[in-house]
Amino acid sequence: MHLIQVDSVQRWMEDLKLMTDCECMCILQSKPISIEKDEQNELILSSQYSTCDNLQLLLKRAWIISTELTRIAQKLEKNRWQRVHSMTVRVNCHVHSMINEYNTFTRSSSQEMHQLEKLLIDKCSEFTAFTERCLQTEDEEMLRSMKSCVNETLTTIAQYFGQLIELVLTQEAQNLLRQIELSGSLYVTESAVSGLFSLAQEGAHLCRIIAKEGGVVALFKICRQDCFRCIYPQTLRTLASICCVEEGMHQLEKVDGILCLADILTDTSHSEATHAEAAAVIAQITSPHLTFTQHLSSFLENMEEIVTALVKLCQEASSGEVFLLASAALANITFFDTMACEILLQLNAMKILLAACSDRHIVDTPYSRDQVVTILANMSVLDQCASEIIQGNGVELLMEMLSEKSSSGNAAEVAACERVQQKSAVTLARLSRDPEVADAAVKLSCIPRLIKLCRSPTERNNSDSVLVACLAALRRLAVMSPDGLEDSDFQQLVKPRLVDSFLLCTNMEESFV
């Protein structure tokens, strides 16, 4: 469950709406709006909020309960019985409210869910009564013996609560998937896909639930029906979210998802938005950060046509976002299999990517440049790559990337800039084994720039990974052009062992003492 970072007063104001007296809340919510049980009142209630809004309310209430249970355990450790009891009453209130709210907007609940609801409510009532008795007990010995019972009850409540939330979320996923399965209506299907996307945004656990309930299978079924073409982008975006977990990847493999994605990418009749979202799914399932991509055997069978389609998408991208998605997929594929680099070389991808970098409307962020330089770094292991770099003025681009700076100061952007600097240095180090590339780098004053990055922590944003890459590139260039270094630079940055130069540079912080 993800939470937006907000001002603490705003957070309190939002929570305050949910903090109500337990007894009054239970009595009020058990009363009907009117004495007539007509359909109109039910319709008004259910139409006030969408399913997504109701689910968000439920998740918010669940987060509050979870937080309160954690705080109760903390107060219990400190024997703050007054606080324990007041917080127990509050939890009791929230549990009743959550169950009432959910039963208001849901149309059907299973027998298992009703049993869990009853178990949780009974245990909360028992817990409230028990803590009240503890509050009235002054015997320290008695309180110590009662404390273990309180802890046990608290653990049971947390267990029931977790099971109930799991069941609720599973039921919501099942309801949405049932809508997709049974409805041929575009509107209903689009609404259900939107609901699944909202669920998937709540974290990996929700993605696992959706995958286990057959979400990946249902979404690929949509992507194989021409009547749903207009919602392909939304469907593919949902698939990309779900496939961040292993269960989603296994389901994708079982339904030949790679083949479906390859068909979408190579079908020129699809919109650019559809191609971009298909590229996003490819980027997700080939991410080098995932440890469960080894089973994607079918990817290798379709890799050439996928890579070809992605290069074309990079070349024809009408916006920075489309280029970012396509280049991210290509960057990940170059990690996934070395054959991809050879295919890229045959497709003149180097020339296309270098040309795109000169267009500030297309390669418009450090994130896009990070993808491009990742591809260049991985391709630079091939000997034929050097001539492509020279012809496309790639050394100039790598020099520019060594000076990458964040304009916003945003932490994610700063991290992206560091990766750009590091990978551009790595690429230069690899390519400089070719005398022509090394000569071009020296003529463009690459050595002074690398020295500055090594000696000035602020230039590299105190990044150790950038420092190591720059030291490696500097040493490679020093071999090819030893006259480009002053003696002090050679003695400190090139001659010693790499680890010694690294330690020397990391201790070069300015002293104001």
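Glu247 counts as partly exposed, with a relative accessibility of 24%. Its side chain meets that of Arg208 in a salt bridge, 3.7 Å from N to O. Arg208 is partly exposed too, with a relative accessible area of 33%. Glu247 sits in helix α12 (residues 246-254) and Arg208 in helix α9 (residues 204-212), so this pair ties together parts of the chain that are 39 residues apart in sequence. Keep in mind that you're looking at a predicted model.

**The wider picture**

So what is this protein made of? It has 27 helices and zero strands. Of its 513 residues, 48% count as buried. Now take the contacts between residues at least 6 apart in sequence: 74% of them join residues at least 24 apart.

**More salt bridges**

How many salt bridges are there? The count comes to 18. Besides the Glu247 and Arg208 pair, two others are worth a look while you turn the model around.

Arg360 and Glu400 form one of them, with their closest N and O atoms 3.7 Å apart. Arg360 is in the loop between α18 (349-357) and α19, while Glu400 belongs to helix α21 (residues 394-401), and the two residues are 40 apart along the chain. Glu400 is partly exposed, at a relative accessible area of 46%.

Glu404 pairs with Arg369, and here the closest N and O atoms are 3.0 Å apart. You'll find Glu404 in the loop between α21 and α22, and Arg369 in helix α19, so to speak a link across 35 residues of chain. Are these two partners buried or exposed? Both Glu404 and Arg369 are buried.

Here are the three pairs side by side:

| Salt bridge | N to O distance | Source of the residues |
|---|---|---|
| Glu247 and Arg208 | 3.7 Å | helix α12 and helix α9 |
| Arg360 and Glu400 | 3.7 Å | α18-α19 loop and helix α21 |
| Glu404 and Arg369 | 3.0 Å | α21-α22 loop and helix α19 |

Elsewhere, Glu68, Arg71 and Arg90 are joined in a network of salt bridges.

**Two rings that meet**

The structure holds one aromatic pair. Its partners are Phe299 and Phe336, which meet edge-to-face, with 5.1 Å between the ring centres and 85° between the planes. Phe299 comes from helix α15 (residues 297-316) and Phe336 from helix α16 (residues 320-336), so far as the chain goes 37 residues apart. How accessible is each ring's residue? Phe299 counts as buried, because its relative accessibility is 0%. Phe336, with a relative accessible area of 22%, is partly exposed.

**A pocket lined by helices**

Helix α16 turns up again at the second largest pocket, where it gives the most to the lining, with six residues. This pocket has a volume of about 470 Å³. Its lining is made up of 17 residues, and those nearest the centre are Ser287, His289, Ala328, Asn332 and Gln371. Which elements give two or more residues to that lining? They are α14 (272-285), α16, α19 (366-379) and α22 (411-431). As for character, the lining divides into eight nonpolar, six polar and three charged residues.

Technical notes: Residues numbered from 1 in each chain as written. Predicted model: local features only at pLDDT ≥ 70, side-chain atom pairs only at ≥ 80, totals over all residues. Heavy atoms only, no water. Phe/Tyr/Trp six-rings, centres within 6.5 Å; stacked < 30°, edge-to-face > 60°. Helix = DSSP H or I, 4+ residues; strand = E, 2+ residues; numbered from the N terminus. Buried < 20%, exposed > 50% of the residue type's maximum accessible area, 1.4 Å probe, protein only. 1 Å grid on protein atoms, 1.4 Å probe; cavity = no way out; pocket = protein on both sides within 12 Å on 5 of 7 lines; lining within 4 Å. Points joined across faces, edges and corners; volume = space filled by probe spheres on them. Nonpolar A, V, L, I, M, F, W, Y, C, P; charged D, E, K, R; others polar. Salt bridge = Lys/Arg side-chain N within 4 Å of Asp/Glu carboxyl O. Contact = heavy atoms within 4.5 Å.
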